[in-house]
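Here is a short note to help you find your way around this structure. Please keep the sequence and the 3D view open while you read.

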Amino acid sequence: MANSYLHKTSGTPTSQKTGTFSFWVKRSGLGSTTRLFNNHVTSVYYGYIDFTGGDQLRIAGDDAGTIDVKTNRVFRDNSAWYHIVIAIDSSQSTAADRVKVYVNGTQETSFASSTYPSQNDNLNFFNTSAANGHVVGAYYNGSAYSGGFDGYMSHVAFVDGQQLAPTVFGETDSTSGIWKFKSPSGVTWGNNGFHLKFEN
């Protein structure tokens with residue numbers, strides 16, 4: 001539902017350079033900006049993951065635009081579940097390895113914009129002084145919520161301190177060949193990590 005969201009106050013991060021987000025989502029509304037994740041510190045210090053008004057997937061934020069990664073691919077299939085993994089590690093020597101985007105187990109390599117953080121940058125995705133902590137399913141600007149995700153979410157996860165592969169959260173079905181959910185096991189979640197199953 002577009003007016004539903006969750007927020008979680010964060011403690012000291014395991015790392016302010018490294019983390020992995022995993023979302024299983026099914027979109028309902030198209031053509032407007034809707035947030036999957038937001039961490040708002042100030043108007044110029046923030047981190048967020050969303051679908052744009054053009055239905056592209058975007059990862060943006062930090063110091064007034066340090067990160068701006070947006071897919072050329074559009075996501076307009078309302079009947080499909082998408083598994084989206086955003087794996088971040090600003091310590092990587094290759095810029096493109098600092099923000100990795102996977103959809104249904106496959107790494108995205110074609111981007112409309114591709115601005116990556118500087119090496120070893122402390123990122124506001126993981127900043128614990130955010131006004132309302134980690135927000136799932138909406139945008140928080142410091143005083144109000146907007147841009148709620150319009151669709152369904154399942155098994156939303158954040159791993160604090162590790163840049164992980166999508167195979168931690170999903171696998172290819174041996175019979176159908178379809179990418180499907182796999183329960184993450186043996187994961188070190190870190191200080192602020194979470195796994196929201198939404199089973200009910």
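1. Let us begin with a small charged cluster: Arg 27, Asp 55 and Arg 76 are joined in a network of salt bridges. Please keep in mind that this is a predicted model. Within the network, the closest N and O atoms of Arg 27 and Asp 55 are 3.0 Å apart. Arg 27 belongs to strand E2 (residues 18–27), while Asp 55 sits in the loop between strand E4 (45–51) and strand E5 (56–63), so this pair ties together parts that are 28 residues apart in sequence. Are these two residues buried or exposed? Both Arg 27 and Asp 55 are buried.

2. How many salt bridges does a search of the whole structure find? The answer is 6. As background, side chains of opposite charge can pair when their charged atoms come close. One of the salt bridges joins the side chains of Asp 50 and Arg 58, with 2.7 Å from N to O. Asp 50 and Arg 58 are buried as well.

3. Another salt bridge worth a look is the one between Arg 73 and Glu 108, where the closest N and O atoms lie 2.9 Å apart. This pair links distant parts of the chain: Arg 73 is in strand E6 (residues 67–74), and Glu 108 is in the loop between E9 and strand E10 (111–115), 35 residues away. The two partners fall into separate classes of accessibility. Arg 73 has 33% relative accessibility and therefore counts as partly exposed, whereas Glu 108, at 11%, counts as buried.

4. Now for the sheets. One open sheet is built from 6 strands in the order E9-E8-E7-E2-E14-E17, with antiparallel pairing. Which strands stand at its edges? They are E9 (106–107) and E17 (194–196); each has a single partner strand, so one side of each is left without a neighbour in the sheet. In general, strands of a sheet pair through backbone hydrogen bonds, either parallel or antiparallel.

5. Strand E14 (residues 151–160) deserves a closer look, as it pairs with E17 in the antiparallel sense over 3 bridges, and with E2, again antiparallel, over 8 bridges. On the E17 side, Val 156 has Leu 196 as its bridge partner, and Ala 157 stands opposite His 195. On the E2 side, Phe 21 is matched with Phe 158 of E14. Strand E14 is mostly covered, with 9 of its 10 residues buried.

6. Ser 22 is a good residue to click on in strand E2. With 1% relative accessibility, Ser 22 counts as buried. Its side chain makes a polar contact with the side chain of His 83, at 2.8 Å. Leaving aside neighbours within four places in sequence, Ser 22 is in contact with His 83, Ile 84, Val 85, His 155, Val 156, Ala 157 and Phe 169. Three of these names, His 155, Val 156 and Ala 157, may be familiar from strand E14 or will return below.

7. Two residues have a backbone angle to check. His 155, in strand E14, has a phi near 45°, a positive value in a residue other than glycine. His 155 is buried, with a relative accessible area of 15%. Asn 104, in the loop between strand E8 (99–103) and E9, also has a positive phi, near 50°, and is likewise not a glycine. Asn 104 is partly exposed, at a relative accessible area of 27%.

8. Finally, there is an open sheet of 7 strands, in the order E1-E11-E3-E4-E5-E6-E10 and with antiparallel pairing. Its edge strands are E1 (6–8) and E10, each of which pairs on one side only. Direction ignored, neighbouring strands of this sheet are turned by 10° against each other on average. Inside the sheet, strand E3 (residues 34–42) and E4 pair in the antiparallel sense over 7 bridges. To find your place there, look for Asn 39, which stands opposite Gly 47 in E4.

Note on methods. Residues are numbered from 1 along each chain as its sequence is written. This is a predicted model: local features need pLDDT of at least 70, side-chain atom pairs count only at pLDDT 80 or more; totals for chains, interfaces and linings use all residues. Side-chain values use heavy atoms; hydrogens and water are left out. Two strands pair if DSSP finds at least two bridges between them. Helices (H or I, at least four residues) and strands (E, at least two) are DSSP runs, numbered from the N terminus. A salt bridge is a side-chain nitrogen of Lys or Arg within 4 Å of a carboxyl oxygen of Asp or Glu. Buried means under 20% relative accessible area, exposed over 50%, partly exposed in between (1.4 Å probe, protein chains only). A polar contact is a pair of N or O atoms within 3.5 Å; within protein, one must be able to donate a hydrogen and the other to accept it, and residues adjacent in sequence count only if both atoms are side-chain atoms. Contact means heavy atoms within 4.5 Å. Axes are lines fitted to C-alpha atoms, for helices over the stretch in contact, and angles run from 0 to 180 degrees between N-to-C directions.
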